[in-house]
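Student: I would like to learn how the words used for a protein model are earned. Could we go through them one at a time?

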Amino acid sequence: MAFESLHHVLGSFENQGGWQERQQFKRLLAYWPEVVGLAVASQTKPVAIQRGVLKVATSSPAWAQNLIFERQRILEKLNTRLTIELTDIRFSTAQWHSSQRENSAVTSGPEANPWQDHPSHVANFQAPNQSPPVQAAAPKDPQTAFQAWSALVQQRSQHLPSCPRCHCATPPGELQRWSVCALCVAQQWRG
């Protein structure tokens, strides 16, 4: 099997049919509060775009009914900002609770997101006298994005303690739990 460059692989993803729709949906999510207003945005959540129809979950049937009358105005505003053409919007309470659970899982803390308690988690680790990492604007091309990600990973791991066995940068949680990094403990368990 021949290896392909990251640029080539990412380019092939971008050329797939669903990729453009997902990008437009992400853009729509960013514009949604601005288009409908903060009060409406707090009671609604765009769920999907299927065949040019935007499906929006609402917190109550009354919101769904009221927004049906604003459908054309919302469509016009969204179509000026998106490259895909939306033909209609469907408002329903059907997916409101499932979309709320997804949001709460992201925002309600370690009990909802077990990754935060994992020994390898280092997102909040900051060494003494270390300034917080600088977040740059999202790069446009894949090569620059990879270089920015690589620099951020190196910056994060620069102040991590070393594994006593392999001397690699190791999250403090791994050292507390196993006294070595996760790769070394996996080798111990295997052999």
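Tutor: Gladly! Let's start with exposure: buried means under 20% relative accessible area, exposed over 50%, and partly exposed in between, using a 1.4 Å probe and protein chains only. Keep in mind that this is a predicted model, in which local features need pLDDT of at least 70 and side-chain atom pairs count only at pLDDT 80 or more, while totals for chains, interfaces and linings use all residues. Residues are numbered from 1 along each chain as its sequence is written, and side-chain values use heavy atoms, with hydrogens and water left out.

Student: Why is T58 called buried?

Tutor: Its relative accessibility is 0%, which is under 20%, so T58 counts as buried. Across the chain, 25% of the 191 residues count as buried.

Student: What makes H167 exposed, and S179 partly exposed?

Tutor: H167 has 59% relative accessibility, over the 50% limit, so H167 is exposed. S179 has 49%, between the two limits, and therefore counts as partly exposed. Each is a residue other than glycine with a positive phi: about 65 degrees for H167 and near 70 degrees for S179.

Student: Where do H167 and S179 lie?

Tutor: H167 is in the loop between α7 (142-157) and α8 (172-178), and S179 is in the loop between α8 and α9 (182-190). Those labels are DSSP runs numbered from the N terminus: helices are H or I with at least four residues, and strands are E with at least two. By that count, the chain has nine helices and three strands.

Student: How do you know that β1 and β2 pair?

Tutor: Two strands pair if DSSP finds at least two bridges between them. Strand β1 (residues 44-50) and strand β2 (residues 53-58) have six bridges, in the antiparallel sense, so they qualify. One bridge joins K45 to A57 in β2. The hairpin has two residues between the strands, and R51 there takes a positive phi near 55 degrees.

Student: Which residues does T58, in strand β2, touch?

Tutor: Contact means heavy atoms within 4.5 Å. Leaving aside neighbours within four places in sequence, T58 is in contact with several residues, among them W63, L67, F91 and W96.

Student: What makes T58 and S60 a polar contact?

Tutor: A polar contact is a pair of N or O atoms within 3.5 Å; within protein, one must be able to donate a hydrogen and the other to accept it, and residues adjacent in sequence count only if both atoms are side-chain atoms. The backbone oxygen of S60 lies 3.2 Å from a polar side-chain atom of T58, so the distance is within the limit.

Student: Why is T170, in the loop between α7 and α8, called buried?

Tutor: T170 has a relative accessible area of 0%, so it falls under the 20% limit and is buried. Its side chain reaches the backbone nitrogen of C163 at 3.3 Å. Beyond neighbours within four places, the contacts of T170 include L160, P161, L175 and C181.

Student: How is H159, in that loop too, classed?

Tutor: H159 has a relative accessible area of 38%, between the limits, so it is partly exposed. The C-alpha atoms of H159 and A169, ten residues apart along the chain, are separated by 7.9 Å.
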